[in-house]
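Please look through the sequence and the structure shown here before reading on. The paragraphs that follow take up a few places in turn.

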Amino acid sequence: MRKTLFVLFIGFLAWDSAAQTTIHRNPEIERLVAEVSADSLKKYIHDLAAFNTRHTLSVDDENGMPAAQRYVLSKFKSFAGSSGGRMTAEIEKFVTPADGRRVVVDSEVANVVATLKGTDPADDRIFIVSGHLDSRNKDVMDAEGNAPGANDDGSGVAAVIELARVLARMEFSATVLFGAFTGEEQGLKGATYLADKAKAEGWNIAGVLNNDIVGNSTSSETNISDNTKLRIFSETIPISETEQQAGLRRSINADNDSKSRQLARYIKEVGERYVDQMEVKLIYRSDRFLRGGDQTPFLRNGFTAIRVSEMNENFYHQHENVRVENGIQYGDLPEFMDFEYLRKVSAVNLSALASLANSPGMPQDVKIDLRGLSNKSILLWTAPAIGKVKGYYVLMRETSESMWEKKFFTTETTMTLPYSKDNYFFAVQAVAETGVESLAVFPVPLSR
Ligand SMILES: [Zn+2]
């Protein structure tokens, strides 16, 4: 076992020091990342913002939500041609019932969804990248007034469209679903519909990357202008946690190791590996303070999901009517977007998604041996059910650290490390021949 062990200092990845072992960029993913185009994103945003409104309950067939849905569908269908029949797209209609809040009467609404079917019949995983197509102005019930929604969430939908364009011809083991959801502003209607359906039908959703407000780089009030930072929101205590799971979490101090937190760490590591001049910030919240997004219905159903958002929000251009007041232009208009920033955000999504969709399944039955007192830590696991592996990384970090600090490689399914489990956290990832890693699994105790 010793022979196969080497250490990667992931804190010093990339170009800092020739003496460090580095994880190299996978050339194919690097090539895909380079295809993400700021010009394409700009075009989609201008097209989306040109509809008078994309309000969920808009019935304007010429210049409202139905027309916007057909626009997104036409984009997906134009890319599907290069997929060899594996990409399909549809406008999926459903009735969202009156809720006494933001939906007054039962209303027919729709998500626009493209599905790129995985190539391995044994791989039932689905990875989702999403944004919400609906927009709003100051009055969330105004289904007719102008609401361009360039950034909220034209930016997220544009990223989804661009990823569908670049990835359509790719062959991934797992299935990738590209979602332009409706009804986010009316109470997460479209995402709830899909997440509930997925749960009821037993879909294996292995990760959701929800992009909402990802294309502006200048803050209101504090006047910060910085296009090098991105936030990933991930839940700390799982909203779906049972009492039994809570007991286990408390007993092993897994408070900073939810599945969604592991996904967030994965996106930070992989995104920063492939996208230059972009720092991914982990935010230890499932969303902004007391706010919500389309990742939430997936979390409620027990799926792994995170929210991607820009670092510096501008509230002059969010949920505001288009107008000039005291010399300030309000409204969510394309002129306030930073398309180079949106390109980098989209590229972070793409690098993570392309890695995940061709990653092995996660190691199974990952355990840490607690059968005797020892200053060493013994981890054990079994091979993933999906995909071929060349080996595994055991990850390690200090209990006070946010990101994994070291990666130990082995071809076996156990590893003994001369570091005490009292002082460090561990996890295990499977690694494919291509070097692509699975999501990390936090171990549970193996007791007598
Ligand atoms: Zn939004």
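What joins the side chains of Arg-136 and His-319? The two side chains are joined by a polar contact of 3.4 Å. This is a predicted model, and the values given here are computed from it.

Arg-136 is a useful starting point. Its place is in the loop between β4 and α4. The residue counts as buried because its relative accessibility is 14%, and the cut-off for buried is under 20%. Apart from neighbours within four places in sequence, Arg-136 touches Arg-102, Ala-147, Glu-185 and His-319. A polar atom of the Arg-136 side chain also lies 2.9 Å from the backbone oxygen of Lys-138. Thr-53 is 83 residues away from Arg-136 in sequence, yet the C-alpha atoms of the two are 7.5 Å apart in space.

The loop between β4 and α4 also holds Asp-153. The peptide bond that joins Asp-152 to Asp-153 is cis, with omega at about 0 degrees. Asp-152 leads on to the metal site, as one of the residues that coordinate the zinc ion.

Which atoms coordinate the zinc ion? They are NE2 of His-132, an OD atom of Asp-152 and two OD entries from Asp-212, at 2.0 to 2.7 Å. The angles among the four donor atoms run from 52 to 147 degrees, and the site is irregular. A site of four donors counts as tetrahedral if all angles lie between 85 and 135 degrees, so the range of 52 to 147 degrees does not meet that rule. Along the sequence, the donor residues follow the spacing H-x19-D-x59-D. His-132 belongs to strand β4 (residues 125-132), while Asp-212 sits in the loop between β6 (204-211) and β7 (229-233), so this pair ties together parts that are 80 residues apart in sequence. Both of these donors are covered: His-132 is buried at a relative accessible area of 1%, and Asp-212 is buried at 2%.

Strand β4 also takes part in a larger arrangement. Together with helix α4 (residues 154-167) and strand β5, β4 makes a right-handed β-α-β unit. β4 and β5 pair in the parallel sense over seven bridges, and Ser-130 stands opposite Gly-179 of β5. Strand β3 (residues 107-116) pairs with β5 too, here in the antiparallel sense and over five bridges. In that pairing, Val-113 has Gly-179 as its bridge partner in β5. Gly-179 thus appears in both pairings, opposite Ser-130 and as partner of Val-113.

Is β5 itself buried or exposed? Seven of the seven residues of β5 (residues 175-181) are buried. On one side are Thr-175, Leu-177, Gly-179 and Phe-181, on the other Val-176, Phe-178 and Ala-180, and both faces are covered.

Two residues in other loops have backbone angles to note. Gln-277, in the loop between α7 (259-274) and β8 (279-283), has a phi near 55 degrees, which is a positive value in a residue other than glycine. Asn-326 likewise has a positive phi, near 50 degrees, and is not a glycine; the residue lies in the loop between β10 (323-325) and β11 (328-330). Gln-277 is exposed, with a relative accessible area of 60%, and Asn-326 is exposed at 76%.

Conventions: Residues are numbered from 1 along each chain as its sequence is written. This is a predicted model: local features need pLDDT of at least 70, side-chain atom pairs count only at pLDDT 80 or more; totals for chains, interfaces and linings use all residues. Side-chain values use heavy atoms; hydrogens and water are left out. Donors are N, O and S atoms within 2.8 Å of the metal (3.2 Å for Na, K and Ca); water is not among the atoms, so sites may look incomplete. Four donors count as tetrahedral if all angles lie between 85 and 135 degrees; four count as square planar and six as octahedral if opposite donors are over 155 degrees apart and all others between 65 and 115; anything else is irregular. Helices (H or I, at least four residues) and strands (E, at least two) are DSSP runs, numbered from the N terminus. Buried means under 20% relative accessible area, exposed over 50%, partly exposed in between (1.4 Å probe, protein chains only). Two strands pair if DSSP finds at least two bridges between them. A crossover is right-handed if, with the strands pointing away from the viewer, the path from the first strand over the helix to the second runs clockwise. Contact means heavy atoms within 4.5 Å. A polar contact is a pair of N or O atoms within 3.5 Å; within protein, one must be able to donate a hydrogen and the other to accept it, and residues adjacent in sequence count only if both atoms are side-chain atoms.
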